[in-house]
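Visitor: Could you take me on a close look at one part of this protein? I'd like to start inside and work outward from there.

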Amino acid sequence: MRKPVVMGNWKLNGTKATVTDLIKAFSQSANNAANVDVAICAPAIFIGMVETLAAGSQLKYGSEDVDVHTSGAFTGENSPVMIKEFGATYAIVGHSERRGYHNETNEVVAAKFKAAQDNGLVPVLCIGESEAEYDAGKTVEVCNAEIKAVIDLCGIDAFKNAVIAYEPIWAIGTGKTATPDVAQNVHKQIRDYLKTFSAEVADGVRILYGGSCNAKTAPELFSQPDIDGGLIGGASLKVADFNAIIDAAKANA
Ligand code: PEP
């Protein structure tokens with residue numbers, strides 16, 4: 001049985017005041033959700049605050065990206081060692097906004113995955129196709145290539161301690177959620193692909209759905225057999241919405 005994860009991705013949002021309010025609220029939510037891993041991935045500048053505010057609670061947290069280097073002359077980057085020092089559990093790698101706006105290739109994302117894992121963070125590998133790729137029937141091909149780059153660099157066993165987030169790019173921040181059937185079908189094919197390397201890894205890895213997931217759509221998405229929770233953007237900035245999504249995961253845990 002895979003423990004569901006509900007993970008917020010705040011992107012480039014937040015102030016000291018909103019971070020305080022949200023982390024206080026979600027620390028309580030996490031304490032009331034023993035059968036769900038509740039986490040927030042925050043802008044790096046707020047991670048120290050999150051550590052203090054979440055102290056003593058079950059809320060986990062992480063970064064939205066990570067550099068491949070641990071230290072040195074890499075101005076503006078955030079080292080996995082530094083992120084770990086602030087008590088983080090997770091590091092998102094390969095979010096489509098990083099792949100798109102920062103030209104991160106599958107190989108760069110794989111290197112970030114490795115750097116995160118080598119330094120004690122659980123990588124959350126984001127994969128997913130564009131609208132044009134979806135229309136061309138290339139969803140599985142794109143997702144498998146994104147996964148294969150990690151397997152080539154780190155080996156299949158790296159997914160024993162990692163999370164995958166399937167996020168169709170056309171669904172992110174657009175209000176167009178993939179239907180439960182479409183999402184389940186892709187999740188199953190991702191798991192089937194992993195099975196060709198290791199059945200044990202494929203059965204154990206948690207695959208989250210992301211893309212305009214909200215309080216209304218989460219219950220049916222999370223009831224699908226291969227959907228193990230969600231990576232949540234916009235709705236993770238609203239207490240009631242994120243709590244409703246956590247409740248949907250609890251109901252399916
Ligand atoms: C995301 O950024 O990972 C995401 C899923 O965003 P949203 O929920 O806003 O579509």
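Guide: Sure, let's start at isoleucine 147. Setting aside residues up to four places away in sequence, Ile147 touches Leu125, Ile127, Phe159, Ile164, Ile190, Tyr193 and Leu194. Keep in mind that this is a predicted model.

That crowd of neighbours fits into a bigger picture. The largest nonpolar core has 66 residues, and Ile147, Phe159, Ile190 and Phe222 are the ones that touch the most other members. There is also a second, separate core, with 13 residues, Met7, Ile92, Cys126 and Leu231 among them. As a general rule, nonpolar side chains in soluble globular proteins tend to be buried together.

Now look at the helix around our starting point. Helix H7 covers residues 139–154 and lies across strand E5 (122–127) and strand E6 (163–166). Against E5, H7 runs at about 150°.

Those two strands belong to something you can trace right around. Eight strands close into a barrel, in the order E1-E2-E3-E4-E5-E6-E7-E8, and their pairing is parallel. On average, neighbouring strands of this sheet are turned by 25° against each other, if you ignore direction. Helix H2 (residues 47–54) packs on the sheet as well, where H2 touches strand E2 (37–42) and strand E3 (60–63). The direction of H2 makes about 175° with that of E3.

For a single pairing, pick strand E7 (residues 206–210) and strand E8 (residues 229–232): they run parallel and are joined by two bridges. Glycine 210 has leucine 231, in E8, as its bridge partner. You've met Leu231 already, as a member of the second core.

Next, find the ligand. It is surrounded by 14 residues, and the closest are Lys11, Glu167, Gly173, Ser212 and Gly233. Zoom in on some of the ligand's oxygen contacts. A backbone N or O atom of glycine 173 sits 2.6 Å from a ligand oxygen atom. For histidine 95, a polar side-chain atom lies 2.9 Å from an oxygen atom of the ligand. With glycine 234, a polar backbone atom is 2.9 Å from a ligand oxygen.

One last stop, just one place along the chain from His95: serine 96, which is found in helix H4 (residues 96–101). Serine 96 counts as buried because its relative accessible area is 16%, and the cut-off for buried is under 20%. Leaving out neighbours within four places in sequence, Ser96 is in contact with Ile169 and Ile172.

Conventions. Residues are numbered from 1 along each chain as its sequence is written. This is a predicted model: local features need pLDDT of at least 70, side-chain atom pairs count only at pLDDT 80 or more; totals for chains, interfaces and linings use all residues. Side-chain values use heavy atoms; hydrogens and water are left out. A nonpolar core is a set of buried Ala, Val, Leu, Ile, Met, Phe, Trp, Tyr and Cys residues joined through side-chain atoms within 4.5 Å. Buried means under 20% relative accessible area, exposed over 50%, partly exposed in between (1.4 Å probe, protein chains only). Contact means heavy atoms within 4.5 Å. Two strands pair if DSSP finds at least two bridges between them. Helices (H or I, at least four residues) and strands (E, at least two) are DSSP runs, numbered from the N terminus. Axes are lines fitted to C-alpha atoms, for helices over the stretch in contact, and angles run from 0 to 180 degrees between N-to-C directions. A residue is near a molecule or strand if one of its heavy atoms lies within 4 Å of it. A polar contact is a pair of N or O atoms within 3.5 Å; within protein, one must be able to donate a hydrogen and the other to accept it, and residues adjacent in sequence count only if both atoms are side-chain atoms.
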